Every structure is written in structure tokens, then in C-alpha cells.
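This note offers comments on one helix and on one pocket. The points are numbered for ease of reply.

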Amino acid sequence: MSGVPQRTLLLWCPDWPVLAAEIVDGVPATDPVVVLHANRVVACSERARAEGIRRGLRRREAQGRCPHLTVVDHDPGRDARAFEPVVAAVEEVVAGVEVIRPGACATAARGPSRYLGGEEAAAERIVEHVAQSCAVESQVGIADGVFAAGLAAREGRIVAPGGTRECLATRPVEALGRPALADLLRRLGVRTLGDFAALPAGDVLARFGFDGALAHRLAGGRDDRPLAVRQPPADLIVTADYDEPVDRVDAAAFAARTLAELLHERLAGYGLACTRLGIEAVTAHGQELHRVWRHDGLLTAAAIADRVRWQLDGWLTGSNGRGGTRPARPTAGIVRLRLVPDGVLAQAGLQPGLWGETGAERERAHRALSRVQGILGPEAVVTAVLGGGRSPADQVRLVPWGDERVPARPGPPPLPPASPAAAPPVPAGSVRGVASSRPVPAGSVRGVTSSRPAAGAAPGAASAPVVVPPGGRAGRRAGRGRAMAEPPWPGRIPPPSPAVVLPAPLAADVRDAAGDPVVVSARLAVSAAPARLTVGDGRPAEITGWAGPWPVDERWWAPAEARRRARFQVCLADGAALLLAVEGGQWLVEAIYD
């Protein structure tokens with residue numbers, strides 16, 4: 001703890017939660033407004049105080065005093081976001097600012113007072129700059145220590161050096177901001193900070209604990225810690241302006257290399273490396289172009305130059321607006337080019353892998369795919385990310401090459417597929433995501449089991465293969481004995497997983513041996529054993545075995561998103577195996593087994 005309090009300048013914005021609600025949500029702060037947390041008032045506007053509303057009142061009592069009161073929920077994130085421009089404005093005048101809480105920030109008073117002509121001049125300059133930059137009213141207090149400066153800021157005063165202890169001595173113990181401690185001190189006869197500070201420190205620690213000892217230091221004009229100022233982020237953006245618009249690829253390549261070397265030198269000066277690069281360009285006609293490139297390693301100067309050159313090549317050689325698959329070419333040459341390092345980290349070197357995962361071949365493939373993206377756009381090259389879900393289509397998310405590979409839904413960690421011999425029997429279905437323990441309805445296994453992979457394709461099925469992770473009970477059983485990162489999804493299709501997931505399910509017709517449509521009731525009773533399957537306009541195929549149903553009733557609490565269906569695995573006479581689903585009385589082919 002600091003023994004000698006530092007001369008501190010603190011800026012305070014009155015009623016900041018109310019102002020933040022006005023800045024972010026548009027709630028007029030000139031109206032009677034209160035901010036509630038746990039059904040109690042934590043902040044109120046000036047007009048609300050004129051109606052008799054104070055902090056700590058319950059919601060019903062506050063609305064009883066002012067029926068036309070506007071109520072806003074407390075949101076610390078909103079307060080912090082709205083306060084960031086104020087802190088940035090203060091940093092434009094002084095350096096080394098610490099955010100005490102949303103609505104209050106502090107800095108050492110010695111520096112600003114020396115180069116701004118005194119403490120009073122520095123306070124006036126900061127208040128005026130914040131008002132002009134952010135249109136926010138604020139008050140400044142200067143005293144020895146952050147605690148005393150905060151109390152002085154509420155009165156907009158400057159406490160003379162060395163007079164902080166005397167200034168605090170007459171204030172009530174409620175100024176400590178600890179209601180329980182203040183109530184206890186008053187019952188013990190200690191009513192002012194001066195009385196509290198006069199108590200022996202050892203006795204205070206023994207009676208009130210560590211928090212009481214910290215409050216005792218504050219009451220005596222001593223801080224519990226020095227200022228922890230934040231460092232303003234370094235300006236790493238590099239920009240180049242061109243008098244003559246750049247409309248040729250060779251000129252763009254030269255400009256890209258020069259700007260890339262400048263960015264790399266600036267990053268190296270701060271000991272940083274770039275992993276995500278933003279490329280921005282402005283044309284002579286005012287058109288703005290922007291693209292972000294990612295890299296799983298560290299972008300060197302040559303790698304940055306290559307990506308900028310590829311991107312400029314893709315922009316300048318786009319289509320001419322008369323057809324083609326490329327993006328439209330800009331109508332004028334580029335007059336401004338900016339490189340923005342969106343993702344940076346400390347440069348600690350990159351160790352090549354022993355088996356080529358970060359070696360030359362992987363880098364060569366990455367460069368080739370990245371250039372394709374630069375010419376055709378980021379969606380031209382995608383990779384599959386495995387995640388969670390109850391159907392195969394939900395378990396795969398396609399992301400552009402180089403983007404962060406984050407699953408769309410939480411799922412268990414990837415597990416090795418179980419062998420067919422070790423596959424357990426088909427699990428029962430699930431309703432509303434909860435596995436059912438009742439037996440599978442009659443006819444659930446007829447000549448095909450869930451552990452038998454089938455081959456073939458449904459008529460009319462044409463789609464790109466999508467890798468689907470192994471799921472069901474086999475995957476969970478294989479993962480026993482080790483912690484799982486995410487909970488499993490009850491109701492998943494049992495293994496093995498389909499090899500081809502159709503982008504759009506195909507309409508199908510399933511009939512029994514008598515030629516009647518097979519119907520699944522609300523209680524999952526199958527009207528008859530499936531015997532023939534017709535996909536689209538194709539010819540009927542004989543069903544030699546089937547398993548199911550596995551029901552799923554998802555998002556039943558949201559009628560607009562609710563979905564209820566039952567799924568089946570079927571094996572056809574030609575050896576093909578399909579995943580079917582019946583939803584709303586309509587049969588669909590969702591996936592194909594290999």
C-alpha cells in the first residue's frame with residue numbers, strides 16, 4: 001500500500017448510468033429517469049430527484065412518488081461502452097488515465113498542472129474538452145489520493161496540498177461507501193471520518209477485518225494503492241495516399257510491398273506480430289473497399305505484401321459489370337490504401353512442426369487458397385467445422401478459409417469412431433432433448449442395425465459430401481474416463497454417421513406392404529412396417545430393413561421456431577442406406593450412408 005498519497009485529479013460525470021442510457025438507448029436524461037438494479041434505484045436524473053426520488057428506494061415507492069417515471073434496467077456493459085469516448089477525450093489532454101468506474105476516471109495531477117499552467121487551469125481545460133468532444137457535463141476534483149479526489153469532484157473543488165486529512169475529518173462515515181460498516185460505526189458512536197481515523201489501526205483490523213482496515217486508511221487520507229493508469233493503444237495503422245489513381249496491377253504490387261514493409265517495421269517496434277490483417281482502399285470516386293485476411297501463424301513482411309497484392313489484384317481485375325462470377329471492378333483507380341492490423345500478439349517466434357502442420361507445404365497451400373479468395377471472394381473457399389446438434393445437418397458449419405473455426409453449436413470433443421463390432425444397440429428416441437428409457441416401437445430393427453454402414457445413393461441425390469462427426473451413444477461411451485468439454489446432445493442419430501448430407505432434403509413417399517402410406521402417430525406408433533420407398537419422381541425401391549423412430553421436439557417454447565419430427569434409418573434392396581425423417585406427415589430423405 002502507498003504510504004504517501006499521490007496528488008490526484010479525478011473527473012466525475014454526475015448521474016452517469018442515466019446519461020449512458022441516453023447515449024446508447026436514447027432515453028431523454030432531462031425526463032424523470034431512474035436506473036434500477038435488484039428492484040432498487042441506483043441512479044436517477046435531476047428531475048427525478050426533484051420529485052423526491054433518492055438512491056436506494058424500491059421501485060414501487062419511486063413510482064409512487066413520480067407516476068410518470070421512466071425506468072431503465074442497470075447495465076454495467078452499457079455504462080462502460082458509453083464512457084469510453086469520455087476517457088479517450090481525457091487522454092487527448094493528459095496521459096496516464098485510470099478508469100475508476102464508468103463515470104469516473106483519475107490521473108496524476110502533477111503533469112497536467114505543470115504543462116497546462118496550474119491545477120485549476122488543468123481542471124478547466126479537461127472539463128471544457130470533454131464537453132466539446134462528447135457533449136457531456138463533468139466535474140473535476142483534485143486532492144491527495146483517489147478517495148479524497150472523488151469526494152472533492154462531487155463538489156467541484158480543489159483541496160490544497162497537505163489539507164486532505166483535515167478536509168476528510170468532518171465528513172460523515174457514510175462517505176466511505178460501505179453502508180454496513182457505516183451503520184455499525186454509528187451504533188458505536190463513530191460518526192465522522194476523523195473519529196474513525198483516530199482509532200488505532202490494529203484495533204480496527206481486529207474488530208472490522210481487512211475491509212475495515214482499508215476503509216480506515218481512506219478515512220485518514222491514505223490510498224490503498226497507487227494509480228494503475230492504462231496505456232493508450234499504439235496507432236499501428238499505416239496509410240498511403242496517391243496523387244495518381246492506381247489502376248494497374250503492377251503499380252498496385254509496388255505500393256503493396258512498400259506499405260507492407262512499413263507496417264511490419266511498426267509492429268516490430270512494439271514487439272508485435274499480425275495474425276489478422278484488414279485491407280482498406282478508397283477509389284477516386286469515393287468507393288470504399290474492405291477485406292480482412294486471417295493467418296494461423298504470424299504474418300511476415302513478405303506474407304503481408306502478398307496478401308495486399310492478391311487483394312488489389314482481385315479488386316482491379318474484377319468483372320466489368322457485364323456478367324461473370326467475379327466481383328464488380330471499381331469504377332476508378334485507388335487513391336488511398338490502408339493496412340489495419342486487427343489481430344496482434346506478442347512476437348515470440350513460430351516453431352515449424354515436425355510433421356508439416358506449420359511447415360512449407362501447409363504454407364504453400366494456404367497461399368494458394370488465399371489467392372483464390374482474393375480473386376473470387378472469401379466464400380469461394382470454405383472448410384467444415386464440426387459442432388453439436390441432433391441431426392447431421394446441424395453438426396457441420398462451413399466457414400471461409402482462414403476465418404476462426406468456431407462451432408455454431410456446442411458439442412462434445414471429436415472422438416475416434418467406434419468399430420462396427422463394438423457398436424451398442426440402437427438407443428431409444430428422445431423428446432424435447434431428453435432421452436427416453438422406453439423400448440423402441442415394434443418393427444424398429446428389421447434386417448439392418450445402426451452399426452452397419454450401407455452403400456449407395458438415393459435417386460436424384462446430388463450434393464457435395466459434408467463430413468459429420470460420430471455421434472450417439474457410441475461416441476459418448478468411447479469418451480468415458482475423460483472429461484468432456486461440452487455436454488452431449490441427447491437425441492442424436494446413433495452411429496455410424498452419414499457420409500453425404502443433402503443441402504436440401506428430398507421429398508419421399510414411404511408405403512407398407514399393402515400399398516398404404518406409413519404414418520407415425522403423435523405417440524410414435526408406426527402404422528405398419530415400411531416396405532417401399534419412392535424418392536421424388538424415381539422408381540419405388542424395396543425396403544429390406546429399417547430402424548427407428550427417433551423423435552425430436554425442438555424449441556417447443558418458441559412457436560415460430562418449433563420443429564417436431566421423427567427419423568428412421570432404412571436399408572434398400574440395392575444396398576443403399578438412407579436417413580429419413582417424417583415431419584408434418586411428409587417423408588424426407590436427409591442423408592445417405594456410405
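1. L181, A182, L184 and L185 are the buried residues to note in α9; buried means under 20% relative accessible area and exposed over 50%, with a 1.4 Å probe and protein chains only. Because these residues cover an arc of only 165 degrees around the axis, they lie on the same side of α9. The arc is taken from the directions from the helix axis to the C-beta atoms.

2. The model is predicted: local features need pLDDT of at least 70, side-chain atom pairs count only at pLDDT 80 or more, and totals for chains, interfaces and linings use all residues. Residues are numbered from 1 along each chain as its sequence is written, and side-chain values use heavy atoms, without hydrogens and water.

3. P179, A180 and R187 are exposed on the face of α9 turned away from its buried side. The buried residues of α9 pack against α10 (193–197) and α11, contact being heavy atoms within 4.5 Å. Helices are DSSP runs (H or I, at least four residues), as are strands (E, at least two), numbered from the N terminus.

4. After α9 comes G189, with a positive phi near 90 degrees.

5. The largest pocket holds about 1400 Å³ of space. A pocket is an open set of points on a 1 Å grid over the protein atoms alone where a 1.4 Å probe fits, with protein on both sides within 12 Å along at least five of seven lines; lining residues have an atom within 4 Å of a point. Its volume is the space filled by probe spheres set on the points.

6. Of the 41 residues that line the largest pocket, W12, R55, R101, R154 and G177 lie nearest its centre. The largest contribution to this lining is that of α7, with 6 residues.
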